[in-house]
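Visitor: Please pick out one part of this model and walk me through it closely, then show me how its surroundings fit together. I would like one connected account rather than a list.

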Amino acid sequence: MAGKNEVNKERRIFYRNFLCYSPFPIPTFRFYCSMMDTDSPVIKFNNVSKFYLTGGTRVTALANVNMQLHAGDFVTIMGPSGGGKTTLLNCIGGLDAPDEGDIFLNSRLISKMNDRELTELRRKEIGFVFQFFNLMPTLTLWENVELPLLLSHSSKTDDKRIHTLLDYVGLTDRARSFPAELSGGEMQRVAIARALVHQPALILADEPTGNLDSENGTKILELMKKVSTEFQTTLVVVTHNPQIAGYGNVHFEIRDGKLTRKG
Ligand SMILES: Nc1ncnc2c1ncn2[C@@H]1O[C@H](COP(=O)(O)OP(=O)(O)O)[C@@H](O)[C@H]1O
Ligand SMILES: [Mg+2]
């Protein structure tokens with residue numbers, strides 16, 4: 001039986017040939033090629049560096065970082081405080097731009113996109129999970145999960161999807177509650193449902209268990225693991241908590257802005 005790489009190579013050759021003789025526009029086929037080419041990384045960093053100037057001194061937050069993350073990877077990035085974890089995550093998510101190097105999301109160069117393009121990308125293709133949950137206090141759980149759909153240009157809500165996601169995180173019966181009525185673990189489950197609502201290629205989580213006790217932290221990690229396998233979403237979790245490393249299948253460490261693969 002042909003291996004996965006061989007099958008993908010055959011598919012690529014087929015689509016390349018198809019492209020040459022096809023009457024359809026090239027972007028349409030680029031789209032289909034990217035769908036079929038499961039080997040191409042979701043995220044690619046090429047020699048990425050980021051510097052900050054503080055009080056006249058230059059701090060290297062990212063030092064010549066190279067990495068590739070694939071669909072369905074559950075990636076952990078560990079490292080001491082000040083090591084560059086948040087800067088790395090912000091660059092992956094288009095919240096921050098590198099000073100040197102290139103960042104690609106699904107083969108598109110995002111490090112040179114303008115603010116409008118980045119906002120659009122973040123709204124539609126990336127889910128964010130934060131240490132302090134960042135839920136809207138005046139909206140119910142249902143409305144918090146619905147919000148990214150309303151903010152995107154489609155302005156179309158999708159009741160079935162919201163219901164399915166609240167069910168997925170075990171909070172259907174709390175749909176009409178407000179965030180203040182929930183525990184920290186429950187709030188983070190809502191944040192995960194909200195991050196999933198656009199069916200993003202990528203979910204980025206900055207210290208997602210940093211504000212939870214260890215029992216609730218474990219539950220959140222289990223849920224994230226389930227998400228990465230069942231949705232084929234690439235999950236990137238940064239933390240200084242070593243407990244988390246047991247959950248990922250790709251591990252990195254970042255220290256003084258230098259990224260090292262650990263497994
Ligand atoms: N906005 C900023 N201005 C100046 N220095 C910054 C800024 N953000 C981060 N840094 C510096 O960059 C380095 C990496 O920070 P950060 O990515 O927040 O690390 P971590 O998330 O691992 O704690 C640190 O030395 C930090 O002080
Ligand atoms: Mg940080």
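Guide: Let us start at Val145, which touches Ile162, Leu165, Leu166, Val190, Ala193, Arg194 and Val197, leaving aside residues up to four places away in sequence. Please keep in mind that this is a predicted model. Val145 belongs to the largest nonpolar core, a set of 56 residues, and is one of those with the most contacts inside it, together with Leu166, Val190, Ala193, Leu235 and Val236. Helix H7, residues 184-196, gives this core its largest share, 7 residues. Three of the partners of Val145 thus reappear in the list of best-connected core residues: Leu166, Val190 and Ala193. In soluble globular proteins, nonpolar side chains tend to be found buried together.

Some overall figures help to place that core. The protein has 263 residues, 33% of which count as buried, and its secondary structure comprises 8 helices and 10 strands. Among contacts with a separation of 6 or more, 71% join residues 24 or more positions apart.

From the core we can move to the sheets. One is open and has 6 strands in the order E6-E7-E8-E3-E9-E10, with mixed pairing. Its edges are strand E6 (126-129) and strand E10 (258-261), each of which pairs on one side only. On average, and with direction ignored, neighbouring strands in this sheet are turned by 20° against each other. At the E6 end, E6 pairs with strand E7 (residues 202-206) in the parallel sense over 4 bridges, and Ile126 stands opposite Leu202 in E7. Helix H8, residues 214-230, packs on this sheet, where H8 touches E3 and E8; the direction of H8 makes about 150° with that of E8.

Arg123 is worth a short stop here. Arg123 sits in helix H4, which covers residues 115-125. This residue counts as partly exposed because 16 C-beta neighbours lie inside 10 Å. The contacts of Arg123, again setting aside residues up to four places away in sequence, are with Pro148, Leu151 and Ser152. Pro200 is 77 residues from Arg123 in sequence, yet their C-alpha atoms are 9.2 Å apart in space.

The other open sheet to look at has 4 strands, in the order E2-E1-E4-E5, and its pairing is antiparallel. E2 and strand E5 (108-109) are at the edges with a single partner strand each, so one side of each has no neighbour in the sheet. In the middle of that order, E1 and E4 pair in the antiparallel sense over 5 bridges, with Phe45 opposite Ile103 in E4. Strand E4 (residues 100-105) also pairs with E5, in the antiparallel sense and over 2 bridges. Along this pairing, Leu105 faces Arg108 in E5, and Phe104 stands opposite Leu109 in E5. E4 and E5 form a hairpin with 2 residues between them, and Asn106 in the turn has a positive phi of about 45°.

Helix H3 links the two sheets in our picture. H3 lies across strand E3 (74-78), E7, strand E8 (234-239) and strand E9 (250-255), running at about 155° to E8. H3 also lies across E1, E2 and E4, running at about 55° to E2. Of the 8 residues of H3, 6 are buried, so this helix is largely enclosed by the rest of the structure. Those buried residues are Lys85, Thr87, Leu88, Leu89, Cys91 and Ile92. Just after the helix, Gly94 takes a positive phi of about 70°.

H3 brings us, finally, to ligand 1. The residues around this ligand are Tyr52, Thr54, Val59, Ala61, Gly79, Ser81, Gly82, Gly83, Gly84, Lys85, Thr86 and Thr87. Strand E1 (43-54), strand E2 (57-69) and helix H3 (85-92) are the elements that give two or more residues to this shell, and the largest share, 3 residues, is that of H3. By type, the shell divides into 3 nonpolar, 8 polar and 1 charged. Lys85 and Thr87 therefore have two roles in this description: both stand in the shell around ligand 1, and both are among the buried residues that leave H3 largely enclosed.

Notes. Residues numbered from 1 in each chain as written. Chains lettered and ligands numbered in written order. Predicted model: local features only at pLDDT ≥ 70, side-chain atom pairs only at ≥ 80, totals over all residues. Buried ≥ 20, exposed ≤ 12 C-beta atoms within 10 Å, placed from the backbone. Contact = placed C-beta atoms within 7 Å. Near = placed C-beta within 6 Å. Nonpolar A, V, L, I, M, F, W, Y, C, P; charged D, E, K, R; others polar. Core = buried A, V, L, I, M, F, W, Y, C linked by C-beta atoms within 7 Å. Pairing = 2+ DSSP bridges. Axes fitted to C-alpha atoms, helices over the stretch in contact; angles between N-to-C directions.
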